[in-house]
Amino acid sequence: MATRRSFIKWSAMSAAMVSISKSYAKKVSVEGSGSKPIVISTWKHGIDANVDAWKILSTGGKALDAVEKGVMNTESDLGNRSVGLGGLPDRDGHVTLDACIMDDKGNCGSVCFLEHIKHPISVARMVMEKTPHVMLAGEGALKFALDNGFTKEKFDRTPEADKAWKEWLKKSEYKPVINFENHDTIGMIALDAAGNLSGSCTTSGLAYKMHGRVGDSPIIGAGLFVDNEVGAAAATGTGEEVIRIAGSHTVVEMMREGHSPEEACRIAVERISKSPKNVREMQIGFLAINKHGEFGAFALQKGFNYAVYSNEIKNELKDSKNLW
Ligand code: SD4
């Protein structure tokens, strides 16, 4: 039987929970008007990726299918220097790919340090759906992909990436820092017509990184996080800094506390600005959607943009606000 003391404790907890959920439900100042379905994704290439995602979302399809199909568009573009097999290699000439995906039920899958596969995002989805694991790396990830019907692309680097790498080798200046010319991982998050969220993230990582380096993009909670009760977030920029603060998870937790998507992203960016490393020259950006379909973004530096597609916003590139 409940004692008076446990009843009082329970009542106090319930009151606190009601006030938290009220503050979450409260409409704070937000970028997006709050509609569904909606998809948002990082950088200019998000425009083309959103088109493929929207074909699924606008016909009642699932956010999970949309975010996979959407970023496959970017992975297929061999002209892209930071996503897919067209990406710039590491310092030893290897193009190593990182990707992850997360659905509305908390399922997630990831691959990192994967070579020779055109669509790492689909391998990540297969890790999620066909294995008891979340993450496969390197040779093991490649073997898993080949065993499951993916084909090994023959070339090591595109001719353009090869040329850029050979040019870089002349000085071999090791500066694995995201600056203003050196970024465009795709992170995509979507809310479908049924009200479910999912996200994806895929990249070739930092150009000329150390062989074996893995960034934030395949790490659930860093490059991507989805909580279907609250919202979803994705990151772009210098992965080490995003990992240090568990960036995308932080953004989602801030939304859980009642912050708008943009405010939540700003809080994460402010934390990064206090990094023990010198982040003055780095670019890091987050984007987020909440359960109501409101969205927002925030970055350290000027220049981060993201693409939004909904019934009201027909695939527009928006400039993110920034700290510095
Ligand atoms: C990484 N976050 O590997 C990725 C790189 C990136 O825009 O986002 N570039 O650190």
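These legends walk through several close-up views of a predicted model.

**View 1. Helices H2 and H3 pack against each other.** Start with helix H2, which covers residues 46-57, and helix H3, which covers residues 63-76. Their axes lie 7 Å apart and meet at an angle of about 155 degrees. Angles over 145 degrees count as roughly antiparallel, and H2 and H3 are therefore roughly antiparallel to each other. The crossing of H2 past H3 is right-handed.

**View 2. Side by side, the residues where H2 meets H3.** On the H2 side, look for Asp48, Ala49, Asp52, Ala53, Ile56 and Leu57. Facing them from H3 are Ala63, Asp65, Ala66, Lys69, Gly70, Asn73 and Thr74. Sorted by class, this contact of H2 with H3 is made of 6 nonpolar, 3 polar and 4 charged residues.

**View 3. A salt bridge within helix H2 joins Asp52 and Lys55.** Asp52 may be familiar from the previous view, as one of the H2 residues that meet H3. Here its side chain forms a salt bridge with that of Lys55, at 3.2 Å from N to O. The two residues are 3 apart in H2, about one turn of the helix. Lys55 has a relative accessibility of 53% and counts as exposed.

**View 4. Lys166 and Asp162 form a salt bridge in helix H6.** Now move along to helix H6, which spans residues 159-171. The closest N and O atoms of Lys166 and Asp162 are 2.8 Å apart. These partners are separated by 4 residues, about one turn of the helix. Lys166 is partly exposed, with a relative accessible area of 44%, whereas Asp162 is buried, at 18%.

**View 5. A salt bridge between Asp227 and Arg256 links distant parts of the chain.** Asp227 belongs to strand E7 (residues 224-227), and Arg256 to helix H8 (residues 247-256). Although the two are 29 residues apart in the chain, their closest N and O atoms are 2.8 Å apart. Asp227 is buried, with a relative accessible area of 18%, while Arg256 is partly exposed, at 28%.

**View 6. Asp65, Glu68, Arg125 and Glu129 form one salt-bridge network.** In this last view, salt bridges with shared partners connect the four side chains of Asp65, Glu68, Arg125 and Glu129. You have met Asp65 before, among the H3 residues in contact with H2. For the wider picture, a search of the whole structure finds 17 salt bridges.

Definitions and conventions
Residues are numbered from 1 along each chain as its sequence is written. This is a predicted model: local features need pLDDT of at least 70, side-chain atom pairs count only at pLDDT 80 or more; totals for chains, interfaces and linings use all residues. Side-chain values use heavy atoms; hydrogens and water are left out. Axes are lines fitted to C-alpha atoms, for helices over the stretch in contact, and angles run from 0 to 180 degrees between N-to-C directions. Angles under 35 degrees count as roughly parallel, over 145 as roughly antiparallel, 65 to 115 as roughly perpendicular and the rest as oblique. A crossing is left-handed if the near helix is turned anticlockwise from the far one by less than a right angle, and right-handed if clockwise. Contact means heavy atoms within 4.5 Å. Ala, Val, Leu, Ile, Met, Phe, Trp, Tyr, Cys and Pro count as nonpolar, Asp, Glu, Lys and Arg as charged, and the others, Gly among them, as polar. Buried means under 20% relative accessible area, exposed over 50%, partly exposed in between (1.4 Å probe, protein chains only).
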